[in-house]
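Q: Please take a close look at one part of this structure, the aromatic side chains and what lies around them, and describe it for someone who has not seen it before.

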Amino acid sequence: MNSLQDLHATASSFQKTAKMPVLFVGHGSPMNALADNPFTQTLHQLGRDIRNVQPPRAVLVVSAHWLTRGTFVAVNERPETIHDFGGFPQELFAMQYPAPGAPDVAQEVLAALPDAHPTDEWGLDHGTWTVLHHLFPEADIPVFQLSIDYYKPMTFHAELSKQLQFLRRRGVLIVGSGNIVHNLRQSMPKFMNDDATPYAWAQEFDEWAKAKINQRDLLALAHYQQAGASGSLSVPTPDHYIPMLYSLALAEPDDQIRHAYEEVSFGGMSMRTFVVA
């Protein structure tokens, strides 16, 4: 108990900083961890830009690959690199992202979210480390994750995210990691044939989402089915879509939204990446 109190006291003593940006990253295939392409080059540049303005004290990631019943915050001091996939080259399984955890900042999150629970049974899943490998390749910035309560309505996630606004002025970079369009069933034949051309419905929904993001229309985005057939095809399950709501909900009135990378590839996979700053 004393150690938890000490952590909370340390976290509470953090001085306020200039407002940190927020990212949403369309992470795509785990193979992007090994790739040198326009998408990964964009992530490298984003990481350099963030460091040059204000190096983060910590990074909080909301990943499509940590789905739970209830909301959990990882408090590990040394989170493991989780290889939560199969069928990829051994080179990918050998990759490690040995960043330290951020248990002090995690305690601040737990204090702000009374219904959330601490856990040390989760590390860094591939929605996190394949992205951070390019953003911050030195793995020297503390990282922790917030889970997605998969059993809550879409609007719940935006409201929960707004309670984390204070972190932006505590030196914490918040990253949502998923894909706005993510239909693996429809994309697999394209993957197998190395055909990167997008489906028309995927492009249509990606552009619809872009417009709603620019308008900061969280309610419309939470009810993506109103986009028509393209919405249901693009979001057959909401796991990869929800992290976008977390990122956008953190936008403040004086923030700008910049789309750093835009691509729909392999039929039904949007790599759209945006910055709130």
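A: In this predicted model, Trp 201 counts as buried because its relative accessible area is 16%, which is under the 20% limit for that term. Trp 201 also has an aromatic partner, Tyr 199, and the two rings are stacked, with 5.3 Å from centre to centre and 15 degrees between the planes. A pair of aromatic rings is described by exactly these two quantities, the distance of the centres and the angle of the planes. The structure holds 12 aromatic pairs, and the one between Tyr 199 and Trp 201 is stacked.

Tyr 199 has a charged neighbour as well, since Lys 190 lies over the face of its ring, at 4.8 Å from the ring centre. Such an arrangement is also found at Tyr 151, where Arg 69 lies over the face of the ring at 3.7 Å from its centre. Elsewhere among the aromatic residues, Phe 85, Phe 88, Phe 93 and Trp 129 form one aromatic cluster.

The surroundings can be followed further along the chain, to helix α7, which spans residues 184-192 and includes Met 192. In contrast to the buried Trp 201, Met 192 is exposed, because its relative accessible area is 65%, over the 50% limit for that term. Together with Leu 184 and Met 188, Met 192 forms a nonpolar patch on the surface, and the three residues share about 310 Å² of accessible area.

Terms used: Residues are numbered from 1 along each chain as its sequence is written. This is a predicted model: local features need pLDDT of at least 70, side-chain atom pairs count only at pLDDT 80 or more; totals for chains, interfaces and linings use all residues. Side-chain values use heavy atoms; hydrogens and water are left out. Patches are made of residues with over 30% relative accessible area and no salt bridge: like charges are joined within 9 Å, nonpolar side chains (Val, Leu, Ile, Met, Phe, Trp, Tyr) within 5 Å. Accessible areas come from the Shrake-Rupley method with a 1.4 Å probe; for residues, only the protein chains shown count as cover. A salt bridge is a side-chain nitrogen of Lys or Arg within 4 Å of a carboxyl oxygen of Asp or Glu. Helices (H or I, at least four residues) and strands (E, at least two) are DSSP runs, numbered from the N terminus. Buried means under 20% relative accessible area, exposed over 50%, partly exposed in between (1.4 Å probe, protein chains only). Rings of Phe, Tyr and Trp (its six-membered ring) pair if their centres lie within 6.5 Å; planes under 30 degrees apart count as stacked, over 60 as edge-to-face and the rest as tilted. A charge sits over a ring if NZ of Lys or CZ of Arg is within 6 Å of the ring centre and within 35 degrees of the ring normal.
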